[in-house]
Amino acid sequence: MIEQWSGSSRTSSPTLTHPKTMRAAVLAEFGAPDAFRIAEVPTPVRINAEVLVKVAAAGVNPIDAKTRAGKGVADAVTSLPCILGYDFAGVVVEIPFAGHPLNVGDEVFGMMSTPRGEGSYAEYVSVPSLQVTRTPKTLSLIEAGAVPLAALTAWGLVVDLAKAHEGQRMLITGASGGVGHFAVQFASYFGVRVAATASARNQAWLRELGASTVLDYDLTGWEDQLSDLDVVVDLVGNTVDDTGRRALTTLRPGGLMVNAPTGSWPTLDEEAAEAGVRATTFKVAPDAATLAVVARLIDSGDVRVHIDKTFPLADIAAAHASLESGHTRGKLVLQIGELPF
């Protein structure tokens with residue numbers, strides 16, 4: 001049936017035909033990357049103000065790998081098998097009402113609340129309206145699938161917590177990954193003087209993204225080259241080479257240390273207090289309004305998205321293995337469906 005909404009000139013179908021089952025990468029048990037299997041599962045049923053989306057691409061994030069291994073947010077997984085994945089980009093196939101801001105056929109991206117519900121490693125997701133918005137006009141669906149969690153995390157760290165502003169001095173550790181490459185660009189956009197740590201091969205690239213100083217994290221004493229910084233955005237913690245603890249020494253008295261990776265620095269509060277600086281961790285939340293701002297920055301050319309590798313859904317194990325091998329530049333993405341669709 002065709003519904004018309006008098007508040008708009010458009011005529012919109014509330015649904016596109018979709019199957020009752022779908023393919024998904026299902027986690028049967030916590031463990032290594034090969035714990036995933038591709039299975040046929042029920043397509044999610046859209047309820048209330050949710051939007052049903054046919055997924056073209058899903059980002060692969062460190063929290064996915066930690067959860068798959070039984071860490072991360074695995075304690076919130078109520079039963080196995082389950083479907084992981086936060087990021088998605090795709091096409092709207094069902095809306096909750098004719099006057100909804102999104103229309104059937106719109107290209108959208110967003111972030112799931114995994115594992116409170118099934119994730120985005122699947123051909124369809126049903127997502128609350130406040131967690132989904134239109135994709136940047138300048139990105140393909142594959143590129144858009146790399147954005148949500150990493151960009152929202154970077155925005156929360158750099159803009160919401162650090163209050164990025166002209167003249168501020170900030171260090172971003174592990175800056176060449178998904179969150180890091182967005183964090184460098186957001187900080188630079190707001191006038192921050194950015195220092196970053198990365199491998200030697202990523203130094204020139206990070207300068208292109210806006211970092212004024214890039215230090216090779218493999219070199220002994222890189223932290224001695226920085227001092228009196230206002231903020232450290234720590235994307236590594238103390239899980240590798242005591243990176244967080246070393247970065248702490250670069251802050252001015254009263255400066256701010258923001259630690260992002262889950263479980264990477266259990267003694268952060270005590271060590272920060274002893275050093276005379278402020279400290280906090282951070283947890284990202286789905287937020288379509290902020291994603292819409294990020295989309296405008298991408299379309300204006302102020303922010304770029306970098307995809308290191310793309311994997312088909314069937315190669316989910318290889319995608320997780322690649323992520324865990326380290327040294328990913330930007331993001332890894334799963335292509336879920338055949339394009340175009």
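Which residues line the largest cavity? In this predicted model, the lining consists of Ile63, Asp64, Thr67, Val73, Leu84, Gly85, Tyr86, Thr114 and Pro115. By class, five of these lining residues are nonpolar, three are polar and one is charged. The volume of this largest cavity is about 30 Å³, and the structure holds one cavity of 30 Å³ or more. Such spaces can be located because rolling a probe the size of a water molecule over the atoms shows where empty space is left.

Open pockets can be described in a similar manner. The second largest pocket has a volume of about 380 Å³. Its lining comprises 25 residues, and those closest to the centre of the pocket are Pro44, Met112, Gly117, Glu118 and Gly119. At least two lining residues come from each of strand E3 (21-27), strand E4 (36-42), strand E6 (82-83) and strand E9 (124-128). The lining of this pocket divides into 14 nonpolar, seven polar and four charged residues.

Strands E3 and E4 appear again in the surroundings of helix H9 (residues 316-324). The buried residues of H9 are Ile316, Ala319, His320, Ser322 and Leu323. These residues lie on the same side of H9, because the arc they cover around the axis is only 160°. The elements covering them include, besides E3 and E4, strand E5 (50-60), helix H1 (62-68), strand E17 (307-312) and strand E18 (331-335). Just after H9, Gly326 adopts a positive phi of about 85°.

The nonpolar interior may be considered next. The largest nonpolar core contains 58 residues, of which Val147, Val158, Met170, Ile172, Phe182, Phe186 and Leu206 touch the most other members. Helix H3 (residues 148-161) contributes the largest share of this core, with nine residues. Apart from this core lies another, made up of 42 residues, including Leu52, Cys82, Val92 and Tyr124. Leu206, one of the members of the largest core that touch the most others, illustrates the packing. When residues up to four places away in sequence are not counted, Leu206 touches Ala175, Ser176, Val184, Ala196, Ala198, Ala211 and Val214.

A further buried position is found in helix H6 (residues 243-248), where Thr243 is placed. Thr243 has a relative accessibility of 9% and therefore counts as buried, the cut-off being under 20%. With residues up to four places away in sequence again left out, the contacts of Thr243 are Thr173, Trp222, Val236, Gly237 and Asn238.

Conventions
Residues are numbered from 1 along each chain as its sequence is written. This is a predicted model: local features need pLDDT of at least 70, side-chain atom pairs count only at pLDDT 80 or more; totals for chains, interfaces and linings use all residues. Side-chain values use heavy atoms; hydrogens and water are left out. A nonpolar core is a set of buried Ala, Val, Leu, Ile, Met, Phe, Trp, Tyr and Cys residues joined through side-chain atoms within 4.5 Å. Buried means under 20% relative accessible area, exposed over 50%, partly exposed in between (1.4 Å probe, protein chains only). Helices (H or I, at least four residues) and strands (E, at least two) are DSSP runs, numbered from the N terminus. Contact means heavy atoms within 4.5 Å. On a 1 Å grid over the protein atoms alone, a cavity is a set of points where a 1.4 Å probe fits but cannot get out, and a pocket is an open set with protein on both sides within 12 Å along at least five of seven lines; lining residues have an atom within 4 Å of a point. Grid points are joined across faces, edges and corners, and a volume is the space filled by probe spheres set on the points. Ala, Val, Leu, Ile, Met, Phe, Trp, Tyr, Cys and Pro count as nonpolar, Asp, Glu, Lys and Arg as charged, and the others, Gly among them, as polar. The arc is that of the directions from the helix axis to the C-beta atoms.
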